[in-house]
Amino acid sequence: LFMAPAEHVLLSADYSQIELRLLAAFSQDPKLISAYEKNEDIHARTAAHIFGLALEAVDTTQRSIGKTINFGVIYGQSAYGLAKQLLVPNKEAKRFIDGFYSEFTGVKEYKERILAEAREKGYVTTYLGRKRFLRDINSQNHLARQNAERMAFNAVFQGSAADLIKKAMIAIQSRLEQDHLKTKMILQVHDELLFEVPQDELSTVRSFIVDLMETTFTLSIPLKVTCHEGKTWAEAH
């Protein structure tokens, strides 16, 4: 249990849907970009297409399915894997995945380019140029090759998200030291940063933490960071 000392709070700053925003920016899919520019609920947006509904008619169960499909695409999930996760037949899961690609055609084209590059070079790169080597990308073994293809596509987004948050951490720490603040950056978990903040610094640091996290990379769509605070880490969510 993380708990703030007296006269301090814990501040959680969390990137919203960072991998999907990177997917939109990298693939330049016009419908994904439009959804984020309009601040639409992207999970509901996918569900609306899959189930043939108006956006406002999507219920929470359908939105949850849309969310699973969206992240399944990034993680390179197969129809079999998605079927197990959603407890639906393989045929239905394949329809969901095909439905995603039919709506966001730019994503499918981008994925094909990433995999072609991986087969040619033997690696993929993150936004800042770090390489993920894939020894089985041209394997004659079907399962090994499929696994390498999943890793190839996923590594672009997971790796770029890691690039992003680490650059943000460096910028934030530099600002804390430059302004001689007592706020401490104490933890990173996935796309979230956790800070121990004196009460009298809260409004100041919250403002520049959000700004630095959202502007670390200049992308074609906006990054979004949400902040919450509390005496414990649980309350800060």
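Helices and strands here are DSSP runs, numbered from the N terminus. The model in every view is predicted.

**View 1. Val156 sits in helix H8.** Val156 counts as buried, at 4% relative accessibility. Beyond residues up to four places away in sequence, Val156 touches Phe26, Tyr110, Ile114, Val124 and Thr125. Lys182 follows 26 residues along the chain, and its C-alpha atom is separated from that of Val156 by 36 Å.

**View 2. Glu149 is found in the same helix, H8, which covers residues 142-178.** Is Glu149 buried or exposed? Glu149 is buried, because its relative accessible area is 18% and the cut-off for buried is under 20%. Its contacts, leaving aside neighbours within four places in sequence, are Leu115, Arg119 and Ile137.

**View 3. Strand S5, residues 192-198, is mostly covered.** Of its 7 residues, 7 are buried. Glu192, Leu194, Glu196 and Pro198 point one way from S5. Leu193, Phe195 and Val197 point the other way. In a regular strand, side chains alternate between the two faces of the sheet.

**View 4. S5 pairs in the antiparallel sense with S1 and with S4.** S1 spans residues 8-15 and shares 7 bridges with S5. Within this pairing, Leu10 has Glu196 of S5 as its bridge partner. S4 spans residues 184-189 and shares 5 bridges with S5. Here Leu187 stands opposite Leu194 in S5. S4 and S5 form a hairpin with 2 residues between them. His190, in the turn, has a positive phi of about 55°.

**View 5. The largest nonpolar core has 67 residues.** Tyr15, Phe157, Ile209 and Met213 have the most contacts inside this core. Helix H8 gives the most to the core, with 12 residues. Met213 touches Ala13, Tyr15, Leu164, Ala168, Ile172, Leu193, Leu223 and Val225, not counting residues up to four places away in sequence. In soluble globular proteins, nonpolar side chains tend to be buried together.

**View 6. Helix H9 covers residues 202-215.** Its 14 residues reach 20 Å from first C-alpha to last, close to the 20 Å expected at 1.5 Å a residue. Which residues of H9 are buried? They are Leu202, Val205, Phe208, Ile209, Val210, Leu212 and Met213. What covers the buried residues of H9 includes S1, H8, S5 and strand S6 (225-230).

**View 7. Glu229 and Arg206 form a salt bridge.** Their closest N and O atoms are 2.7 Å apart. Glu229 lies in strand S6 and Arg206 in helix H9, so the pair ties together parts 23 residues apart in sequence. Glu229 counts as partly exposed at 32% relative accessibility. Arg206 counts as partly exposed at 29%.

**View 8. Asp41 and Arg63 meet in a salt bridge of 2.6 Å, N to O.** This pair links distant parts of the chain, 22 residues apart. Asp41 is in the loop between helix H2 (30-37) and helix H3 (42-51), while Arg63 is in helix H4 (residues 60-74). Asp41 is partly exposed, with a relative accessible area of 31%. Arg63 counts as partly exposed at 30%.

**View 9. The side chains of Glu40 and Arg45 meet in a salt bridge of 3.5 Å, N to O.** Glu40 is partly exposed, at 24% relative accessible area. Arg45 is buried, at 18%.

Definitions and conventions:
Residues are numbered from 1 along each chain as its sequence is written. This is a predicted model: local features need pLDDT of at least 70, side-chain atom pairs count only at pLDDT 80 or more; totals for chains, interfaces and linings use all residues. Side-chain values use heavy atoms; hydrogens and water are left out. Helices (H or I, at least four residues) and strands (E, at least two) are DSSP runs, numbered from the N terminus. Buried means under 20% relative accessible area, exposed over 50%, partly exposed in between (1.4 Å probe, protein chains only). Contact means heavy atoms within 4.5 Å. Two strands pair if DSSP finds at least two bridges between them. A nonpolar core is a set of buried Ala, Val, Leu, Ile, Met, Phe, Trp, Tyr and Cys residues joined through side-chain atoms within 4.5 Å. The expected span of a helix is 1.5 Å times one less than its number of residues. A salt bridge is a side-chain nitrogen of Lys or Arg within 4 Å of a carboxyl oxygen of Asp or Glu.
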